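Visitor: I would like a close look at a single part of this model, followed outward to whatever it touches. Please take your time and keep the answer connected.

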Amino acid sequence: MELTDVTGPLGPGGDHDLERFTGLDLTGQDATGTRFTECVLEDCTLEDVRLDDARLVDCTLTRLRAGTLHAPSSTWQDVVVRDCRLGAVPWYGATLTRVEVHGGKLDYVNLRDAELTDVLLEDCVIGELDLAGARATRLVLRRCTVARLDVTRATLRDVDLRGVDLSRVDGLGGLAGATITQDQLLDLAPA
């Protein structure tokens, strides 16, 4: 499969198949409702890019940078994200299926009311992970640091939090269905 290099701007309702976006500054562009299939985005700046209701399938995103990357109600399926530096990621109401995030730093990840299935977060530094109202099945955090985790009203099934340093958890009742270590349990006991 050969990818076509893209240099042009993004637009709402676009359709991108087998395309490579490399080293582009896409700041402020609107890709609302756009579909990306088997695309590669690497070394791009996505500051204030809008991916509302976008659909990403079989994509790889590497070393992306953005203070804010808007992706509410978007669909991510079979996507790999590597070594990205993202500030705020409004991903609320999104659907993530077989998504892997490896390395990188994410300041605020808003997955409120999102649906997550077979999602892996590995070697990430996360300031705040907001899963309030989310439905997560087979979510794994491995070797991650999360300064604040909000699981208020979350529905968790087969969620593995053993590999995460949890400094603060809000909505402790939402942890039902998650596996944690005995040390994590002792740390959370006062709450």
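Guide: A good place to begin is Lys 105, whose bridge partner in β15 is Val 125. The model is a predicted one, and the description that follows should be read with that in mind. The pairing of Lys 105 with Val 125 belongs to a longer contact between strands, since five bridges join β13 to β15, and the two run parallel. On the other pairing of β13, the partner strand is β11, again in the parallel sense and again over five bridges; within it, Val 89 has Val 109 of β13 as its bridge partner. As a general matter, in a regular strand the side chains alternate between the two faces of the sheet.

The side chain of Lys 105 also takes part in a salt bridge, with Asp 107, where the closest N and O atoms are 2.8 Å apart. Lys 105 counts as partly exposed because its relative accessibility is 36%, and Asp 107 is likewise partly exposed, with a relative accessible area of 29%.

A second salt bridge leads from the loop after β13 to β15: Asp 130 pairs with Arg 112, and their closest N and O atoms are 2.6 Å apart. This pair links distant parts of the chain, with Asp 130 in strand β15 (residues 125–130) and Arg 112 in the loop between β13 (105–110) and β14 (115–122), the two being 18 residues apart. Asp 130 counts as buried, because its relative accessibility is 2%, whereas Arg 112, at 31%, counts as partly exposed. The loop that holds Arg 112 is also the place of Asp 113, a residue other than glycine whose phi is positive, near 60 degrees. Most residues other than glycine have a negative phi. Asp 113 is partly exposed, with a relative accessible area of 42%.

Further along the chain, the side chains of Asp 170 and Arg 168 meet in a salt bridge at 3.3 Å, N to O. Asp 170 counts as buried at 18% relative accessibility, while Arg 168 counts as partly exposed at 44%. Through shared partners, salt bridges join Arg 112, Glu 128, Asp 130, Arg 148, Asp 150, Arg 168 and Asp 170 into one network. The total number of salt bridges in the model comes to 21.

From the charged side chains one can turn to the nonpolar interior, where the largest nonpolar core has 60 residues, and those with the most contacts inside it are Trp 76, Leu 116, Leu 129 and Leu 149. Leaving aside its neighbours within four places in sequence, Trp 76 is in contact with several residues, among them Leu 51, Leu 56, Leu 61, Ala 71, Trp 91 and Val 99.

The number of aromatic pairs comes to two. In one of them, Phe 21 and Phe 36 are arranged edge-to-face, 6.1 Å centre to centre and with 65 degrees between the planes. Phe 21 lies in strand β3 (residues 19–22) and Phe 36 in strand β4 (residues 35–37), so this pair ties together parts that are 15 residues apart in sequence. Phe 21 is buried, with a relative accessible area of 0%, and Phe 36 counts as buried at 2%. Trp 76 and Trp 91 form an edge-to-face pair too, with 5.1 Å from centre to centre and 80 degrees between the planes. Since Trp 76 lies in strand β10 (residues 75–82) and Trp 91 in the loop between β11 (85–90) and β12 (95–102), the pair ties together parts that are 15 residues apart in sequence. Both Trp 76 and Trp 91 are buried.

One last neighbourhood is that of Thr 62, which is placed in strand β8 (residues 60–62) and counts as buried at 11% relative accessibility. Apart from neighbours within four places in sequence, Thr 62 is in contact with Leu 41, Glu 42, Asp 43, Arg 82 and Cys 84. Of these contacts, Asp 43 lies in the loop between β5 (40–42) and β6 (49–50), and its phi is near 55 degrees, a positive value in a residue other than glycine. Asp 43 counts as partly exposed, at 28% relative accessibility.

Technical notes
Residues are numbered from 1 along each chain as its sequence is written. This is a predicted model: local features need pLDDT of at least 70, side-chain atom pairs count only at pLDDT 80 or more; totals for chains, interfaces and linings use all residues. Side-chain values use heavy atoms; hydrogens and water are left out. A salt bridge is a side-chain nitrogen of Lys or Arg within 4 Å of a carboxyl oxygen of Asp or Glu. Buried means under 20% relative accessible area, exposed over 50%, partly exposed in between (1.4 Å probe, protein chains only). Helices (H or I, at least four residues) and strands (E, at least two) are DSSP runs, numbered from the N terminus. Rings of Phe, Tyr and Trp (its six-membered ring) pair if their centres lie within 6.5 Å; planes under 30 degrees apart count as stacked, over 60 as edge-to-face and the rest as tilted. Two strands pair if DSSP finds at least two bridges between them. Contact means heavy atoms within 4.5 Å. A nonpolar core is a set of buried Ala, Val, Leu, Ile, Met, Phe, Trp, Tyr and Cys residues joined through side-chain atoms within 4.5 Å.
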